[in-house]
Every structure is written in structure tokens, then in C-alpha cells.
Amino acid sequence: MNQQNNCDVLIIGSGAAGLTLALHLAKNADVVILSKGQLNEGSTFYAQGGIAAVFDENDSVQSHVSDTLIAGAGLCDESAVQYTAENAKACLDWLIEQGVDFDKEQNQQGEQQYHLTREGGHSHRRILHAADATGKVIQTTLSERVKQHSRIRVFERYNAIDLICEEITDHDKEKQCIGAYIWNRNTEKVESIYAQKTILATGGASKVYQYTSNPDVASGDGIAMAWRAGLSCSQYGI
Ligand SMILES: Cc1cc2nc3c(=O)[nH]c(=O)nc-3n(C[C@H](O)[C@H](O)[C@H](O)COP(=O)(O)OP(=O)(O)OC[C@H]3O[C@@H](n4cnc5c(N)ncnc54)[C@H](O)[C@@H]3O)c2cc1C
């Protein structure tokens, strides 16, 4: 172990989740983002169809919630669905502010409006998209914003191995996370990064399947690191 870095917030993962959080937190904190491969390599880059939100005045959040619960066939956490549907439009407005260029069309009054598509399970048109490469546009736009930010440092080809935890004095066996051990793939050395807060934004684990459209980095590392640190991962069945 040869090198040590410090920051206020360490975000492990550079997809839509990690980059969005970094841009919000960097208003008040020094942020480090780790990416296992190149900055843009993750599921976000490959997402195609688009993102659902209530933009049409004839649509409603309640209808979005109801469609999602039906499509989820009993597997959805209803409060999470409600929260997501209620906040989806604000999140898309934020992406638009960052420069994400969703497709538009002209309405009958000759005004520009977002072109909404309708996908399986939706009873209304509510999918904003950028042609058929929505994720690529989101990922590259947010990456540019992050690279320009003076309080965000990006470490590419930095593979988080495990969280660094220490026992909190006077709290029986309670631990707190103070950073992470990293395999620096550029130097082939292990480094440590210490942070006030560490965020796991490492995406999913779909690469467990032999045949999948998910990228190699979707290997569930964050779930494994959280589990090894003693966190409950019951939603993943472990
Ligand atoms: C082909 C495809 C099409 C899709 N289409 C749609 C769609 O139309 N609409 C929709 O809403 N969703 C779609 N999705 C799903 C969507 O892309 C994901 O839900 C979303 O992008 C997840 O974002 P994320 O930031 O959580 O994860 P990701 O974008 O996967 O980012 C994870 C990040 O974590 C990093 N990472 C992982 N492990 C480590 C580690 N050990 N150390 C350091 N970094 C690590 C990776 O390098 C990556 O930067 C699609 C997904 C795929 C694969």
C-alpha cells in the first residue's frame, strides 16, 4: 500500500447515480469519484429507450404509480414507486438544466414540447428520450459537467476492493465507514482513500448472467462490499 488520498465524500461509481450525486454534493464538499473502468463505462451509457415521468397534462402521478405497480406484479415496494413517480419530473428537469438534450416535437399550436413515447405497461405517453441512445447522452453530458467542476476529482480505472471501517468508541461493536481500499489498475498497486462519507453507487449485478446486455462492470461489487462491512442486503436475498 503506497498512497493515501483524502476527501469529504468518496463516491464509488460513475454512472447516472454517482455523477448526479457528485454534482449536487460538490456545492458544499470536495468529492472524489471512482470508476472501475473509463468514466463512461457502466449501464447508464448503454440505456436506450428513455426515462418515464409525467410531462403530459392529461397524465397523472397516480396513473404512473398504478401502471408501475401492475407491471411489477407484486414485486414493487409501493412507497419507493410513489416516491420515484412523484420526483421523476423534477429529476428530468434537473438533467435538462445540465444540458441533456431530449428529443422535442412541435405541437398543434406550433410550440416545441418534449417528444414522449409510450412503452410497455404505461397507459400514457411518458417516456422522454434522446433518439435511441438516451443513456449515452445522459452519461456523456454529466461526465462533461463533472470534469469541469473544480471540487470534483475523477479517478478512472480505480477498482474499489473493500470499505475501511473502524469501531466507534463508546458504541458497543458499532462501526463507521471511513473510506475504501482501492486497486489502482493504472499502477497495479493498492491505495486507500479516506472520506467523511463514502457512497456506494456501483450499479447492479446483472453480469452474474452469462448472456446479458449489461456491461462487465455490473458485477455487484458494491453489494458485496456492503455485505462484508456488515450491512443488511436482505433485498438481494443475502
Ligand atoms: C442495455 C441496457 C438498456 C437499458 N435501458 C434503459 C432504459 O431505456 N430506461 C431506463 O430507465 N433504464 C434502462 N436501463 C437501466 C439503467 O441503465 C440503469 O438502471 C442505470 O443506468 C443504473 O445507473 P447506476 O449509476 O446505478 O449504475 P451504472 O451506470 O451501471 O454505474 C455503475 C458505476 O459503478 C462503477 N463500479 C462498479 N463496481 C466498482 C468498483 N468495485 N470500484 C469502482 N467503481 C465501480 C462502474 O465503473 C460504473 O461507473 C438499461 C440498462 C442496460 C444495460
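This report walks through the salt bridges of a predicted model.

Side chains of opposite charge can pair when their charged atoms come close. A search of the whole structure turns up eight salt bridges. Three of the pairs are set out here, with the separation of nitrogen and oxygen.

| Basic residue | Acidic residue | N to O distance |
|---|---|---|
| arginine 151 | aspartate 30 | 3.0 Å |
| lysine 36 | aspartate 221 | 2.8 Å |
| arginine 228 | aspartate 162 | 3.1 Å |

Let's start with aspartate 30 and arginine 151, whose side chains meet in a salt bridge. This pair links distant parts of the chain, 121 residues apart. Aspartate 30 lies in the loop between helix H1 (16-25) and strand E2 (31-35), while arginine 151 lies in the loop between helix H5 (134-148) and strand E7 (152-156). Aspartate 30 has a relative accessible area of 35%, so it counts as partly exposed; arginine 151, at 29%, is partly exposed too.

Next comes the salt bridge of lysine 36 with aspartate 221. Here the partners are 185 residues apart: lysine 36 sits in the loop between E2 and helix H2 (43-46), and aspartate 221 belongs to helix H6 (residues 221-228). Lysine 36 is partly exposed, at 23% relative accessibility.

Helix H6 also holds arginine 228, and its partner aspartate 162 is in strand E8 (residues 158-167), 66 residues apart. Arginine 228 has a relative accessible area of 46% and is partly exposed. For aspartate 162 the value is 24%, again partly exposed.

Which residues are linked in a network of salt bridges? They are Asp59, Asp67 and Arg126.

Notes
Residues numbered from 1 in each chain as written. Predicted model: local features only at pLDDT ≥ 70, side-chain atom pairs only at ≥ 80, totals over all residues. Heavy atoms only, no water. Salt bridge = Lys/Arg side-chain N within 4 Å of Asp/Glu carboxyl O. Helix = DSSP H or I, 4+ residues; strand = E, 2+ residues; numbered from the N terminus. Buried < 20%, exposed > 50% of the residue type's maximum accessible area, 1.4 Å probe, protein only.
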